[in-house]
Amino acid sequence: MSIMVKRSLLKKSGQIKINQMAFMLIGVTIFIALVGMFALNLRLSYLKQTASESEEQNAYLLASKIANSPEFSCGEAFGEKRSNCIDLDKVMMLKEKIKEYESFWGVSGIEIRILYPTSIREEIECNLNNYPAKCNLITILPSKGFDKGTFVALCKKELKEDEIVDVCRLGKIFIRYKGEY
Amino acid sequence: MKENLIKKNKRAQDHKISKRDFYLLSSKTGQDEMVGFGLIIIVMAVIIIAFVAVMVNNNKENEIENYEVNAFVQSTLQYTTICKMNGVYLDVSDLIFECGNNAKCENQRESCAVLKGTLEDITSRSWTAGEEEYVKGYKFTIVVDSREIIIPIIEGSFDSKNYRDNPITELTKKSSKAEIYFTVYY
């Protein structure tokens, strides 16, 4: 081979090697980028699950907080101070004047359901005439759909055998966040 | 002389051919290196993905919150039963201790029978358990002074590894101690 040909071949050899390295680096970069995107996708799906569990926890805590607020709680009206206890008489009075409390708790919906004992299968809204024996639903603030609810004791003073007794039932209070969905 | 020249030329030509071959081999060596490096990168990427997958799976095992179960137990303990003693209708928490003493209600019903019936009704109304339901099963156990006072209330299956239970609820009355255990399987 002539020297000129050899020199040109050597130059091309170096250029070819540089091209090879460049393509390899591009390929490696794209591959690492794909791996990173895959890992990020996995991480985000985990974050979504965590966020969902956190929202559920917040809903439970908020329902519990409202149930224990002075407007709802039994306080010491039924003997010793109770937690997770809602005074049904208080709630029915609150329901009558709810317009003054619409934005008080920062939620868009509050509902109480009487779970036990009740023989009523369909939803019957409670009013001052039929509660609590002939109804099973107390809508404080109406809303379409609710977040999680928490169990509560629903207590009331009732007349039994000519004496006033404390009677507690099992129910659930449901809360709806404001501005969600 | 001529033969020597011819031989020299042939050797020279062979030498040139071998240089060409050598050049070709050198360029192919670069390609081989590239392929080898690419394979190393692929293997490293697979290892990294496996590591990330294991890490994420470990992080998914979060502590399950028990607010709902705890609220259920606390609310159930306040439920007023049909058992009357000394002119007072007992709630579930008081009835537990009376059952521990094998006492009878004023209507001559066994306190333990009233307690078991009440708890069975309450749990079945509050938790719908079944294979196709979100709640697969539940178990309600009450122990007074280290003795199970009623047969545990069980519904559904307990094969699921996901469950929620209340922190042990302890009640004390006079010298007796009651422990309530409630576990829900998802």
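This is a short tour of a predicted model, going from chain A to two places in chain B.

Begin by selecting chain A and colouring it by secondary structure, which brings out two helices and five strands. Followed from the N terminus on, these elements come in the order α-β-α-β-β-β-β. With chain A still selected, display its contacts: among those with a separation of 6 or more, 63% are between residues that stand 24 or more positions apart.

Next, switch chain A to a surface view, where the accessible surface amounts to about 10800 Å², with 58% of that area belonging to carbon and sulfur atoms. Of the 181 residues in chain A, 40% are buried.

Now move to chain B and select residues 67-77, which form helix α2, a mostly covered element in which eight of the 11 residues are buried. Which residues of α2(B) are buried? Going along the helix, they are Glu68(B), Val69(B), Ala71(B), Phe72(B), Val73(B), Ser75(B), Thr76(B) and Leu77(B).

For the last stop, select Glu131(B), Glu132(B), Glu133(B) and Asp159(B), which together form a negative surface patch. Centre the view on Asp159(B), and trace the chain to either side of this residue: Asp159(B) sits in the loop that runs between β5 (153-156) and β6 (163-165) of chain B. Is Asp159(B) buried or exposed? Asp159(B) counts as exposed because its relative accessible area is 69%, and the cut-off for exposed is over 50%.

How values were computed: Residues numbered from 1 in each chain as written. Chains lettered and ligands numbered in written order. Predicted model: local features only at pLDDT ≥ 70, side-chain atom pairs only at ≥ 80, totals over all residues. Heavy atoms only, no water. Helix = DSSP H or I, 4+ residues; strand = E, 2+ residues; numbered from the N terminus. Buried < 20%, exposed > 50% of the residue type's maximum accessible area, 1.4 Å probe, protein only. Contact = heavy atoms within 4.5 Å. Areas by Shrake-Rupley, 256 points an atom, 1.4 Å probe, with all protein chains shown as cover. Patch = residues over 30% accessible without salt bridge, like charges linked within 9 Å, V, L, I, M, F, W, Y side chains within 5 Å. Salt bridge = Lys/Arg side-chain N within 4 Å of Asp/Glu carboxyl O. Lys, Arg positive; Asp, Glu negative; His and termini not counted. Charge placed at Lys NZ, Arg CZ, Asp CG, Glu CD.
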